[in-house]
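Here are a few exercises to work through with the model open. Try each one yourself before reading the solution.

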Amino acid sequence: MSRNAEEDIDECQVGNGGCDTTCTNSEGSYECSCRHGFALMPDQRTCTDIDECENNPNICGGGQCTNIPSEYRCLCFDGYMASVDMKTCLDVNECDLNPNICLQGTCENTKGSYICHCDPGYSSKKGSTGCTDMRRSLCYRKYYTENQTCDGELPFNMTKKMCCCSYNIGQAWNKPCEQCPVPSTDAFSTLCGYSRPGFVIDIYTGLPIDGRR
């Protein structure tokens, strides 16, 4: 774009020098430049948007990058949260966020998730949170709140969930006996979920059978 001239002419004064955005005059020449997020094309005049997502596929870390004019935004996956400027995804520390997430175990934060290291007798099942009580003990058909005693001991051991959450069976579990959570309480929902499983326990065999029969 240089030229020979005794007197400099400001090319930027005429049609912005043909520049898309910014024209800067200099002695005997001029230069086009682009605003942040845009790049100068080979014609040295036209500006084109920089696709940060294509140039750096991992720019968001734990999220999906979306290109927008002059910049980009991150849509974060589960287990991550967006930074204030929405240009990166930060790991969520579930262990700090919910100290009770691994009851009966120890929580270890991982990238985008967490792991429960369960105490003996408890197990972490895929697709569920926390530690499930896998201990087997006695199940009782009656629990007396006035003296905290139990009656109707079944002749087989079962897990607390199987004893307390089935339709027709336990009011107490373990030895010494402890009362099963009462339906519609938070403790019941934690152990059994928000609906009881569709089975009953055969009191003679200890095996679950379909509750619809």
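Helices (H or I, at least four residues) and strands (E, at least two) are DSSP runs, numbered from the N terminus. By that count the chain has four helices and 18 strands. Heads-up: this is a predicted model, where local features need pLDDT of at least 70, side-chain atom pairs count only at pLDDT 80 or more, and totals for chains, interfaces and linings use all residues. Residues are numbered from 1 along each chain as its sequence is written, and side-chain values use heavy atoms, with hydrogens and water left out.

**Exercise 1.** Work out which strands stand at the edges of the open sheet with E13 and E15.

Start with the order, E14-E13-E15-E16, with antiparallel pairing; two strands pair if DSSP finds at least two bridges between them. Next, look for single partners: E14 (149-159) and E16 (178-179) have one each, so they are the edge strands, and one side of each lacks a neighbour in the sheet. Now zoom in on E13 (residues 136-144), which pairs with E14 over seven bridges. There, Arg136 sits opposite Thr159 of E14.

**Exercise 2.** Describe the surroundings of His117, in strand E10.

First, place His117: E10 covers residues 113-118. Then check exposure: His117 has 41% relative accessibility, so it is partly exposed (between 20% and 50%; buried is under 20%, exposed over 50%; 1.4 Å probe, protein chains only). Beyond four places in sequence, its contacts (heavy atoms within 4.5 Å) are Gly105, Thr106 and Glu108. Finally, the side chains of His117 and Glu108 share a polar contact of 2.6 Å, meaning a pair of N or O atoms within 3.5 Å, one able to donate a hydrogen and the other to accept it.
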